[in-house]
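Colleague: Could you take a close look at the salt bridges, and at what surrounds them? I'd also like the cut-offs behind each term you use.

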Amino acid sequence: MSLLEEQHKRLKWIIFTYYWIWRCEFIPDFGLKILKNIKSSIYPVNLIFGMFCVVYHFLVQMVDYGYDLALTIVYFFAIYQCAMVYAEIMIIHRERLFDMLKFFDEWIISKEPLISDIRRKHLLANTELGIKWTKIFLMFITCVGLNVNTFHLYVSGFSAPMLFTIPGLPNDSIFYYPVNVIYGTVLYFAILENIMISDAVVMIMILYFRSEFYALAELVTQLHDGTSVKMKATSILRTTHETHKIALQKVKELTQTFWHLYFHKLFAIMIYLCCTLYIFQSLNASIFIAVLIVGAMTSQIFILCFFGQVIENSSELLYQSFCMIQWYEMKLEEQKKYLLLTMSIQKSVRIETFGFGDISIYTFVQICKAAGTYAAILYTVVH
C-alpha cells in the first residue's frame, strides 16, 4: 500500500469511526430494523434529555445569573448545534457523504493520462495536511474540554460537570454524585467531540477538492510554454474540461450538503461566543476558563471559515493559471475551446449559507466583531 493510499484510508477511518460511535453501530442489531432504529435514536434521545436538564436548570436550579447563566446558554446552543449536525450529517446527507468517499477512492486509484501523477502528488500533500490538522484541532479542543469539565466539577462540589444536576434525583441519595458526574461528563464530551469531529469532516472533504483544483492548475501550467501549446493544447484542454466538469459537479453537491450545516454551526457559535465574551465582565477565578472556552469557540469558527476560503482560493488559482496560457499559439479550433472553458472556470467555487453569505476569512472577522458587539450591548443592558 502506498503512502497516499494509507493516508486516504486513515482519513476514511476517522469519518467511519465518527458514524460508528455516534450512530451506535458498535451495538449488534442482528439485522432487525427495529433495533437499527433504536440504535440510531440513542444519541438524539440523550440530547433531548440533556436539553431538558439544561432548561430545568435555567428555570429552577440557577442562582448565579453571571457565569452560570452564560454557560447554560452556551450548553443549550451547543446541544442545538449537535442535534442539527446529527440530522444533517448522520441522517439526511449520510449516503451523499459516503458516495463522496467512494468518488475520492476513484481519484486515488485513477490512472488517467496527463493528470493522474499530478493528482496523486497533490492528494498526498492534502491528505497529510488533513491528518495533521485533524489531530491538532481535536487534541486542542479535547484539552480545553478536560480543563473546563474539571473546573466545573470542582466549583460544583463534584456533582455537576455541566453545571446542572439531573431533575428528580435528591442530593441525599447515594446515586446523586455518581449519576450526575457520569451522565454530565459523558454528555459533555459526547457534545464536544461530535461538534468538533463534524468540523474535521468538513475540513477533510474540502481538502480533497483543493487537491483536485491544484492538480488542474498545475496541469494547465504546461500550456504557459509556447512549444507545449503547439504539441499538447488539444489533449490538455480536453482533460481539463472533462476533469473540471466532474469535480465541479461533485463540489456543488458538497456545498449544497454544507449549506444548512454551516448556518446552524455559525449561528450557534455566534450566540454562545457572545455569551462567553459576556463572562469577561466578571474578573474572577473563572476568567481562565472563559479564555479557554473563547479560544475553543474562535478556533471552531476559524476552521469553518478558513476552509471556506481554501476552496474559493483553490478554484481561483485554476482560473488564474488558465489566464496565463499562451492561447495565441493555439489553432483556431483550440482557441474556441479555450474560450468556452475559460467561461466555465471563471466563476470561483464558494461555500455559502443563509444569513452569512459566502464563507471566508471575512466571515470569521464579521462573526467575531458581531459577537463582541452583542456582548457589549448585553453587558450595558444588564448593568
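**From a loop residue to the salt bridges**

Modeller: Happy to! Let me start with Leu32, which sits in the loop between helix H1 (3-22) and helix H2 (33-61); helices (H or I, at least four residues) and strands (E, at least two) are DSSP runs, numbered from the N terminus. Please keep in mind that this is a predicted model, in which local features need pLDDT of at least 70 and side-chain atom pairs count only at pLDDT 80 or more, while totals for chains, interfaces and linings use all residues. Residues are numbered from 1 along each chain as its sequence is written, and side-chain values use heavy atoms, with hydrogens and water left out.

Leu32 has a relative accessibility of 44%, so it counts as partly exposed (buried is under 20% relative accessible area, exposed over 50%, partly exposed in between, with a 1.4 Å probe and protein chains only). Leu32 joins Phe30, Ile34, Ile38 and Ile42 in a nonpolar surface patch of about 530 Å². Patch residues have over 30% relative accessible area and no salt bridge; nonpolar side chains (Val, Leu, Ile, Met, Phe, Trp, Tyr) are joined within 5 Å, like charges within 9 Å. The areas come from the Shrake-Rupley method with a 1.4 Å probe, and for residues only the protein chains shown count as cover.

Now to the salt bridges themselves. The whole structure contains twelve of them, each being a side-chain nitrogen of Lys or Arg within 4 Å of a carboxyl oxygen of Asp or Glu.

One of them pairs Asp29 with Lys39, with 3.0 Å between the closest N and O atoms. Asp29 belongs to the loop between H1 and H2 and Lys39 to helix H2, so this bridge ties together parts ten residues apart in sequence. Both ends are buried by the cut-off: Asp29 has 15% relative accessibility and Lys39 has 8%.

Another joins Asp105 to Lys12, where the closest N and O atoms are 3.2 Å apart. Because Asp105 lies in helix H4 (residues 94-109) and Lys12 in helix H1, the pair ties together parts that are 93 residues apart in sequence. Here the two ends fall into separate classes, with Lys12 buried at 18% and Asp105 partly exposed at 24%. Leaving aside residues up to four places away in sequence, Lys12 touches Leu101 as well as Asp105, contact meaning heavy atoms within 4.5 Å. The C-alpha atom of Lys12 is 9.3 Å from that of Ile204, a residue 192 places away along the chain.

A third example is Glu329 with Lys230, at 3.9 Å between the closest N and O atoms. This pair links distant parts of the chain, 99 residues apart: Glu329 is in the loop between helix H8 (287-323) and helix H9 (332-345), and Lys230 is in helix H7. Glu329 is partly exposed at 30%, whereas Lys230 is exposed at 59%. Beyond single pairs, a network of salt bridges links Arg23, Glu25, Arg94 and Glu95.

Some charged side chains sit over rings instead, which requires NZ of Lys or CZ of Arg within 6 Å of the ring centre and within 35 degrees of the ring normal. Arg210 lies over the face of Tyr214, 4.5 Å from the ring centre, and Lys250 over that of Phe103, at 5.2 Å.

Rings pair with one another too. Rings of Phe, Tyr and Trp (its six-membered ring) pair if their centres lie within 6.5 Å; planes under 30 degrees apart count as stacked, over 60 as edge-to-face and the rest as tilted. That rule gives 32 aromatic pairs. In one of these, Tyr80 and Phe267 have ring centres 6.2 Å apart and planes at 80°, so the pair is edge-to-face. Tyr80 is in helix H3 (residues 67-92) and Phe267 in helix H7 (residues 226-279), so the pair ties together parts 187 residues apart in sequence. Phe267 is partly exposed at 28%. Tyr80 and Phe267 share one aromatic cluster with Phe76, Phe77, Trp259, Phe263, Phe354 and Phe356.
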